[in-house]
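Here are some comments on the structure, set out as numbered points. Please read them with the model open.

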Amino acid sequence: EKFDNSKINNDLWEVSLNYQKKFKKEGHQLSIHYTYEQILDKTNSLFTNYNSYPTVFHQISKDLNIFNHQNNDTQLFGFDYALPFGEKSLLEMGYEAYLEDLATNYNYKSFAIATQFFTVMSCFSNILDYNSNVHSFYSTLGSSYKKLSYSAGLRVEIADVNYMLEKSADFYNHKKTDFFPSTHITYEFSETSNLTFSYGKRISRPEYWILNPFETKISETNIVVGNPKMEPFFIHLYELKHVKNGQKLTLSSSIYIKDYTNAPERVTFSTGELVNGIPVEMTTYKNIAALHQIGFEQFANFTPFKWWQLSGGFNIYQSKQKGIFKFKDFNNIPKTIDFSSNDFSGYFSLSSKFTLPKEWRLQTSYKYFAPSEGAISKRKEYYFMDAAISKNLFNNKASITFSLTDIINSHKI
């Protein structure tokens with residue numbers, strides 16, 4: 001058995017600046033924003049190992065002392081410019097830069113019986129320098145004619161990502177320019193009813209914990225490690241949506257299609273090493289999947305009385321995924337893991353808001369998630385219910401809130 005005694009120290013500070021200039025014509029404006037954030041994360045972990053069978057004793061030779069110090073600096077800068085022209089037309093354009101610098105000092109020590117001290121294991125210790133610069137330019141043009149309104153846009157992202165492991169001189173650079181078109185077309189049947197078709201391409205970049213190349217030992221034969229060569233994945237979203245507004249009831253219905261390309265998967269495979277005759281398994285992340293999803297969602301807002309508001313809906317979808325991962329096991333035999341799956345699932349939500357005497361407000365919410373099955377995992381159905389009561393104080397200058405989460409103790413996956 002392994003016991004983890006970790007001490008974690010996190011420091012964060014942030015500075016934000018915003019500027020907005022409104023010109024004479026309504027809708028004509030310029031906005032500028034800047035944010036700087038620094039996160040200092042220091043973790044000192046002591047892992048002690050005990051043999052529990054047939055007798056309990058401390059396996060001090062397998063104890064580990066791991067220092068993981070991170071310094072993460074991020075900057076976000078951009079501007080947005082909006083120019084109305086003609087009777088019902090609008091041109092928007094802008095720029096945004098997301099700049100990230102991350103330095104990680106990972107010091108891995110094992111206990112040496114001979115010296116009775118922890119000594120650095122250079123094969124696992126390293127210093128990571130990670131740098132990501134993403135520059136985005138965009139423009140959108142929209143207009144309307146009678147009952148028809150429409151817009152089209154294009155965003156260009158220029159990414160330059162670098163990482164270097166200083167001690168092993170391992171270097172990786174990823175440069176790429178991607179284009180993200182979008183369009184929206186809306187037809188108004190009446191003042192209370194409209195139909196909208198939209199398309200957009202999106203990007204999702206991997207989080208640091210997926211990129212982190214330093215090993216985490218779950219046990220002597222079970223290792224988890226990130227993959228710094230992970231690339232972003234892309235989403236193409238098509239949606240047809242109808243909205244009906246009423247005095248007490250608003251309905252929103254939509255059919256959508258989502259196509260994911262280069263999607264990440266968590267993979268576990270044998271490294272080829274053996275510990276006491278047991279194969280060592282490593283878990284990491286790979287860009288190997290393509291996912292096609294089609295679904296239908298229905299949401300509603302209903303206000304039966306001034307003091308009571310209901311909102312809720314459901315989403316059902318069919319997901320089909322394809323992808324394979326190839327590797328060689330500890331006997332150097334080629335193996336293939338099939339990540340293909342076909343899943344039908346969905347969820348339901350219901351929220352209720354009450355206005356009580358003396359300006360108290362009560363809100364309850366219920367959510368249900370249907371069972372889901374992926375290529376290598378299954379998730380049972382689960383549901384939970386939350387509640388909160390609040391009140392504004394001192395002429396709305398302060399407020400007080402009491403909340404309860406998972407009231408029926410059912411939030412278990």
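1. Start with H184, which is placed in strand β9. The model is predicted, so please treat every value below as computed from that model. H184 has a relative accessible area of 38%. That makes H184 partly exposed, because the value falls between the 20% limit for buried and the 50% limit for exposed.

2. What does H184 touch, leaving aside its neighbours within four places in sequence? The contacts are S149, Y150, S151, F197 and S198. N301 is a useful reference point for distance. H184 and N301 are 117 residues apart in sequence, and their C-alpha atoms are 24 Å apart in space.

3. Move on to I185, also a residue of strand β9. Its relative accessibility is 39%, so I185 counts as partly exposed. I185 belongs to a nonpolar surface patch of about 1100 Å². The other members are Y145, L148, Y150, Y187, F189, L195, F197, Y238, L240, I255 and I294.

4. Which elements give two or more residues to the nonpolar patch? They are β8 (148-165), β9 (170-190), β10 (193-204) and β13 (233-245). Strand β9 gives the most, with 3 residues. Two patch members, Y150 and F197, are also among the contacts of H184.

5. Next, the aromatic rings. The whole structure holds 21 aromatic pairs. One of them joins Y199 and Y238. Their ring centres are 4.9 Å apart and the planes make an angle of 35°, a tilted arrangement. Y199 lies in strand β10 and Y238 in strand β13, so this pair ties together parts that are 39 residues apart in sequence.

6. Are Y199 and Y238 buried or partly exposed? Y199 has 17% relative accessibility, so Y199 counts as buried. Y238 has 33%, so Y238 counts as partly exposed. Y238 is also a member of the nonpolar patch.

7. A further pair is formed by W308 and F354. This one is stacked, with 5.7 Å centre to centre and 15° between the planes. W308 sits in strand β16 (residues 308-322) and F354 in strand β19 (residues 341-355). The pair links distant parts of the chain, 46 residues apart. W308 counts as partly exposed at 25% relative accessibility. F354 counts as partly exposed at 21%.

8. Some rings form a group. F77, F79, Y95 and F137 are linked into a cluster by ring pairs. One cluster member, Y95, is also in contact with S136.

9. S136 deserves its own point. S136 is placed in strand β7 (residues 126-145). Its relative accessibility is 9%, so S136 counts as buried. Which residues does S136 touch, not counting those up to four places away in sequence? They are G94, Y95, E96, R155, V156 and E157.

10. Finally, two lysines sit over rings. The charged end of K201 is over the ring of F234, at 5.0 Å from the ring centre. The charged end of K258 is over the ring of Y256, at 5.4 Å from the ring centre.

How values were computed: Residues numbered from 1 in each chain as written. Predicted model: local features only at pLDDT ≥ 70, side-chain atom pairs only at ≥ 80, totals over all residues. Heavy atoms only, no water. Helix = DSSP H or I, 4+ residues; strand = E, 2+ residues; numbered from the N terminus. Buried < 20%, exposed > 50% of the residue type's maximum accessible area, 1.4 Å probe, protein only. Contact = heavy atoms within 4.5 Å. Patch = residues over 30% accessible without salt bridge, like charges linked within 9 Å, V, L, I, M, F, W, Y side chains within 5 Å. Areas by Shrake-Rupley, 256 points an atom, 1.4 Å probe, with all protein chains shown as cover. Salt bridge = Lys/Arg side-chain N within 4 Å of Asp/Glu carboxyl O. Phe/Tyr/Trp six-rings, centres within 6.5 Å; stacked < 30°, edge-to-face > 60°. Lys NZ or Arg CZ within 6 Å of the ring centre and 35° of its normal.
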